[in-house]
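Hello,

Here is the structure I promised to hand over. Please have a look at it first, and then read my notes below.

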Amino acid sequence: MTGARVRSMLKDAGLTVFVAAALGVFIVGFRTIDVGSTKGLSFDYQFVDLVVALVVIFFGRLGLSLAAEGSRWPAAALGTGMIAAGLSPLTLPSTFLHWFLGLGGVLIVIRTIWLWAADATTSARQFQFGARLGRVGTRSLGALLLAIAVVLPLTPFADQKTMDLAVLILTYVMLGWGLNIVVGLAGLLDLGYVAFYAVGAYSYALFSTQFGLGFWIVLPIAGMMAATFGLLLGFPVLRLRGDYLAIVTLGFGEIIRLIILNWFDLTNGPAGIGSIPGPTLFGAVFAETAPPGQRTFAEMMGVPFNGDQRLVFLYYIVLALALVTNLFTQRMRRLPIGRAWEALREDEIACRALGINPTNIKLTAFAVGAMFAGFAGSFFAAKQRFISPESFVFIESAIILAIVVLGGMGSQIGVVLASVLLIGLPEWFRGLGSYRMLAFGLAMVLIMVFRPRGLIARREPSVRLHPVVARGES
Amino acid sequence: MAYFSQQLINAITLGAIYGLIAIGYTMVYGIIGMINFAHGEIFMIGAFISLVCFMLCALLGIGSAPVAIILVLVVAMAFTAVYGWAIERLAYRPLRGSFRLAPLISAIGVSIALQNYVQLTQGARPKPGGDIVSGGYNLFSADGFDVRVTWLQIIIVVVTVALMAGFTWLIAHTPLGRQQRACEQDMKMAALCGVDINRTISLTFVMGAALAAVAGMLFLMYYGVIDFFIGFLAGIKAFTAAVLGGIGSLPGAMLGGLLIGIIEVFWAGYFSSEYKDVAVFGILVLVLIFRPTGLLGQPEIEKV
């Protein structure tokens with residue numbers, strides 16, 4: 001490596017630090033804190049943090065440009081050094097800076113390994129065996145995950161915390177699969193998906209608390225309610241082009257939330273609806289004592305009562321619901337309507353020329369997606385037993401969208417991986433705490449920049465007129 | 001009548017702030033055809049930088065309000081512009097030429113990240129901004145009701161009008177404005193004619209961010225309280241304003257901002273303040289359905 005290149009790299013890193021300093025000086029450097037109502041605000045100076053962060057940024061930028069230039073060993077060494085420094089007992093002003101340093105190192109190392117990994121996979125694909133292994137791996141991954149999901153409650157790992165998390169992840173998997181129909185297959189960016197989730201949840205909450213209907217009766221009704229909303233909202237707006245549609249769906253999502261928040265007589269406003277009954281198994285409730293006229297699951301099976309039974313039951317319900325969503329999508333993709341969705345995603349004008357009515361096709365995708373959100377919503381209400389408008393804010397839509405995008409739009413298995421990554425990891429790393437959403441937003445940007453097609457990047461149409469021969473899937 | 005006049009004055013003030021934010025949306029959309037979803041967050045950052053600067057002014061003993069306001073205006077515009085530049089450079093430029101929705105998704109990521117960044121560094125509680133300018137002028141009294149215009153409202157309208165006039169001149173008469181208009185019409189052709197496209201797009205983001213910073217400062221002075229979440233609603237309303245006026249059109253953004261301000265204030269004043277946001281979203285939906293090009297926009301021809 002010549003001196004000139006090193007110098008230009010250093011200059012580049014220096015400029016980055018300069019920009020970062022301009023970004024951080026007011027927002028990070030001066031923390032405004034309340035000092036009682038009379039005196040207003042005062043400053044808490046955080047310049048040490050700022051300087052440490054700037055040093056980390058300097059080395060981070062240096063490492064990334066080293067990796068980009070192809071000097072793998074120095075970059076890897078720098079990255080490992082940063083990880084070590086982040087993990088070391090070295091006292092930095094805040095824990096966040098440890099994370100910042102460590103994760104910066106991880107980023108550099110990933111960036112470096114990427115080069116090697118890309119080389120390795122490319123050379124592996126050259127051979128028949130490698131290519132076949134890749135295909136088999138992708139296919140059996142789904143079966144493997146399914147097997148793990150089915151036996152999970154029976155394994156010794158299944159304590160209450162794990163099961164709670166598993167139910168949460170599966171809820172998001174189901175929502176992700178539902179949204180995948182709209183975003184991944186039909187190519188419509190829906191930023192208000194959580195509205196249909198809310199419709200499902202409130203349908204179940206109201207039908208069960210006001211009319212005493214059970215979960216299994218309301219489930220299809222909630223799905224239908226959500227689908228009806230999907231049709232009603234979709235009908236006027238689906239003629240709009242991509243990003244306009246995104247903003248309008250966002251607007252609708254907010255309108256529904258605001259109506260739920262303010263229609264006090266129906267929804268009890270911000271206080272929410274409580275004591276929603278849980279789902280039953282052939283009429284048996286999951287509780288220690290049954291309400292009059294019903295019996296508990298423990299009595300029915302003749303086993304002692306255990307609080308985990310309810311959780312396991314919920315787990316299997318959501319697993320079944322998610323699998324139904326998946327199966328439905330897979331079958332739809334083989335029907336003319338599913339093919340039309342994908343065709344529409346690829347080229348709307350060509351579709352119109354072929355006599356496909358784009359609005360109707362989009363409307364079905366929208367309604368089907370909404371229906372699954374409605375199912376998920378009523379499951380959510382039955383699981384939580386309490387719902388309020390707080391649960392249905394825009395950020396939820398963004399999380400579900402992030403799952404679909406990260407997984408690779410249109411890929412079913414990608415949604416599962418992305419849910420485990422985005423929902424599971426932050427729950428395990430409670431230490432990250434409030435930094436979770438920050439990392440979340442940054443991850444969305446990074447994925448778009450480095451892997452815009454997602455983790456499992458397969459956007460192949462289900463059917464082709466002239467099959468492409470072994471062009472190396474990527 | 002008096003109530004109506006008072007509401008109208010308030011509406012114009014609010015509309016001026018929305019108009020300033022809307023310009024950022026409309027310029028970026030005009031030049032690269034993307035909705036800069038993070039623009040609301042830039043406005044929020046501008047408001048926070050202004051808050052810190054006002055406090056620094058007080059700390060340094062700058063007592064005179066006009067000096068402080070001009071100082072804060074310049075500093076906030078400069079430092080918020082860096083945010084606009086950095087976001088474009090890091091999150092949008094690598095995606096140019098990717099599929100259509102990629103920049104929008106990236107922008108949502110930026111928006112979430114910026115909100116949480118400010119929440120973490122500045123805390124989640126609302127920040128009182130204190131009153132920098134107080135007092136006002138009684139226009140007339142009718143039906144036992146004083147119609148009053150505050151100095152602050154006058155400042156807001158004057159600053160907005162001055163900036164918009166300067167800005168329109170910039171677009172119409174300077175080489176930079178000419179380059180921007182060229183990029184807007186045909187980016188490839190502009191590049192062939194020697195226009196530095198990357199620089200032009202960066203400067204568009206810088207200008208949009210600077211105007212959003214002004215809006216942030218005025219918002220802070222007008223409402224006296226800000227938190228990390230103000231960017232979301234203000235951003236959507238300003239976007240609605242840009243769409244209503246015709247996205248891509250500068251006078252349209254100003255007109256749209258004014259109309260949205262009027263709709264919001266009058267809805268809150270005459271119907272219900274709970275549903276004022278629903279009214280604005282409703283307008284957005286109606287405009288997009290019945291007149292997607294907005295009031296002053298040109299229809300877009302989709303080519304194969």
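Which residue just after α17(A) takes a positive phi? It is G408(A), with a phi of about 100°.

Before going further, a word on conventions. This is a predicted model, in which local features need pLDDT of at least 70, side-chain atom pairs count only at pLDDT 80 or more, and totals for chains, interfaces and linings use all residues. Residues are numbered from 1 along each chain as its sequence is written, while chains are lettered from A and ligands numbered from 1 in the order in which they are written.

Helix α17 of chain A covers residues 394-407; helices (H or I, at least four residues) and strands (E, at least two) are DSSP runs, numbered from the N terminus. Its 14 residues should span 20 Å at 1.5 Å a residue, and the end C-alpha atoms are indeed 20 Å apart; the expected span is 1.5 Å times one less than the number of residues. Because 13 of the 14 residues are buried, α17(A) is largely enclosed by the rest of the structure. Here buried means 20 or more other C-beta atoms within 10 Å of a residue's own, exposed means 12 or fewer, and partly exposed lies in between, with C-beta atoms placed from the backbone.

Now to where the chains meet. 50 residues of chain B are in contact with 45 residues of chain A (C-beta atoms, placed from the backbone, within 7 Å). On the side of chain B that touches chain A, α4(B) gives the most, with 15 residues. N262(A), in helix α10 (residues 242-262) of chain A, touches E274(B) and Y275(B) as well as G269(A), not counting residues up to four places away in sequence. N262(A) is partly exposed, with 16 other C-beta atoms within 10 Å.

Chain B also holds a hairpin. Strands β2 (residues 136-142) and β3 (residues 145-150) of chain B run antiparallel and are joined by six bridges; two strands pair if DSSP finds at least two bridges between them. N138(B) stands opposite R148(B) in β3(B). Two residues lie between the strands, and D143(B) takes a positive phi near 50°.

Finally, confidence. Chain B averages a pLDDT (the predictor's confidence in each residue, from 0 to 100) of 87, and 97% of the residues score at least 70. Among the elements of chain B, β2(B) has the lowest mean, 76, and α8(B) the highest, 93. For the complex, the predictor gives an ipTM of 0.85 and a pTM of 0.86.

Best wishes

Terms used
Two residues are in contact if their C-beta atoms, placed from the backbone, lie within 7 Å.
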